[in-house]
Amino acid sequence: MKILRVAGVLFLCAVVAGFGQTHQSAFFRISNPSNAIITGFDPNAGTLTCSNAVAGTTNQLQRSYDLTSTSNWVDFIQLASNALVVTEVIIDLNPPEGMAFIPGGVFQMGDSYGGGDSDERPVHSAYVSGFYMGTYELTNDEMVEAMQWAHDNGKLVVSSSSVKNAQGNQQELLNLDDADCRITWDGSVFGIKSAKGSGYPCVEVSWYGSAAYCNYRSEKEGRAPCYNLADWSCNFSANGYRLPTEAEWEKAARGGLNGKQYGGGDSIDHSKANYDRNPVYAVGAYPYTSPAGSFAPSGYGLHDMEGNLWEWCSDWYEGAYYATSPSSNPRGPSAGSSRVLRGGSWYSLARNCRSAYRQRSDPSGTGEHLGFRAVLPAK
Ligand SMILES: [Ca+2]
Ligand SMILES: [Ca+2]
Ligand SMILES: [Ca+2]
């Protein structure tokens, strides 16, 4: 990788993935405040150092793939500045397969645009550490692979109507006999229905099923599982897969843009997302899902954050949580009765697909519009 610095602009000459394309080079600059400057970049760690920062302010880092127009600069992350020198990992050229690196930083969490619900306020600064997130909502193919492994290793109780965890506090993971479920079971092998099956996101999965999937995939890949299947608590220091926190999900969904309604800007339409029964996909029987990655990704390389399926997050839901939530890596209240869902679904109105919108359900809830995506801790 070649690194150059030109008049406050850091230029990385490398193969960089973003916006669903591969670029030969990427440019970074601090756009605000103007006295902060990029003074270092470690290509192995992907770490950017910003100096001359003013304590108590945030430093807006922007990215461009093409300097032929000044309008190509887009907001990328905001660096918290508690000191004169700030460092943050901004890029990972070798993320785990199927995942995008979401750089750490501060963002304004909640409805900074206006018009949202009371549980989206107060708008507040939240710092979220860097992490990896599934590029797509979890697909039926990925679910079947993990569940077959779990079954073959004695971790499941499967009937024609349900998939449950064999160990711990037994819960329904997949609602197999719901007509909308795309996954089949023949007594020994899981399969996928032909319509809206392979390559489509997995529906009829409960919060418990999403968490158990993360554990089974972790164990299959030799990682430490995060969830305790007896009390369903999460060990955030384990290196396995887990669900995103609500703050991680919202930061990722915003794709670096500040104060916007959606990850791509202030509006969406049916060319950008599958929501409100997009006519292209509202055919045949439910679910009206679209194949993973049918729409352009956000600034962080994520597809279908808006619409397609509501995505389970790890947090318990509490409407007033933002009034007392910690400013660094909030993980939700310690107890509750509902788990957070984010992003809206193929059925949802556009306003419910906003980055700030909060939804919730009983963790045992399943439906033809509920799914998830997994995250991994940064290396
Ligand atoms: Ca069932
Ligand atoms: Ca989604
Ligand atoms: Ca259903």
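Helix axes here are lines fitted to C-alpha atoms over the stretch in contact, and angles run from 0 to 180 degrees between N-to-C directions. By that yardstick, the axes of helix α1 (residues 140-152) and α2 come within 9 Å and cross at roughly 70°. This is a predicted model. Its chain is divided into domain 1 (1-94) and domain 2 (97-379). The largest nonpolar core has residues from both domains, so it lies between them.

**Helix pair α1 and α2**

- Angles of 65 to 115 degrees count as roughly perpendicular. α1 and α2 are therefore roughly perpendicular to each other.
- On the α1 side, the contact is made by Met143, Ala146, Trp149 and Ala150.
- On the α2 side, Tyr213, Tyr216, Arg217 and Lys220 make the contact.

**Domains and their contact**

- The C-alpha centres of domain 1 and domain 2 lie 29 Å apart.
- Across the boundary, 17 residues of domain 1 are in contact with 16 residues of domain 2.
- Three strands, β2 (9-18), β7 (74-80) and β8 (86-89), each supply at least two residues of the side of domain 1 that touches domain 2.
- β7 gives the largest share of that side, seven residues.

**Nonpolar cores**

- The largest nonpolar core has 81 residues. Phe28 and Met133 have the most contacts inside this core.
- Helix α2 (residues 207-220) contributes seven residues, the largest share of this core.
- Domain 1 (1-94) and domain 2 (97-379) both give residues to the core, so the core lies between them.
- Leaving aside neighbours within four places in sequence, Met133 is in contact with Met99, Ala100, Ile102 and Pro244, among others. The list also includes Ala252, Leu302, Arg373 and Val375.
- Another core, of twelve residues, lies apart from the largest one. Among its residues are Tyr262, Ile268, Tyr275 and Cys353.

**Four-stranded sheet and helix α3**

- An open sheet of four strands has the order β20-β19-β18-β21, with mixed pairing.
- β20 (359-361) and β21 (370-371) stand at the edges. Each has a single partner strand, so one side of each is left without a neighbour in the sheet.
- Strand β18 (residues 310-316) and β21 run parallel and are joined by two bridges. Trp310 has Leu370 of β21 as its bridge partner.
- Helix α3 (residues 246-254) packs on this sheet and touches β18 and β19 (339-342). The direction of α3 makes about 140° with that of β18.
- Nine of the nine residues of α3 are buried, so the helix is largely enclosed by the rest of the structure.
- Those buried residues include charged-type names such as Glu246, Glu248, Glu250, Lys251 and Arg254. Ala247, Trp249, Ala252 and Ala253 of α3 are buried too.
- Gly255 follows α3 and has a positive phi, near 60°.

**Hairpin β4-β5**

- Strand β4 (residues 37-42) and strand β5 (residues 47-51) pair in the antiparallel sense over five bridges.
- One of the bridge pairs links Asp42 to Thr47 of β5.
- β4 and β5 form a hairpin with four residues between them. In the turn, Gly46 has a positive phi of about 75°.

Technical notes. Residues numbered from 1 in each chain as written. Chains lettered and ligands numbered in written order. Predicted model: local features only at pLDDT ≥ 70, side-chain atom pairs only at ≥ 80, totals over all residues. Pairing = 2+ DSSP bridges. Contact = placed C-beta atoms within 7 Å. Core = buried A, V, L, I, M, F, W, Y, C linked by C-beta atoms within 7 Å. Buried ≥ 20, exposed ≤ 12 C-beta atoms within 10 Å, placed from the backbone. Domains from an automatic or database assignment. Parallel < 35°, antiparallel > 145°, perpendicular 65-115°, else oblique.
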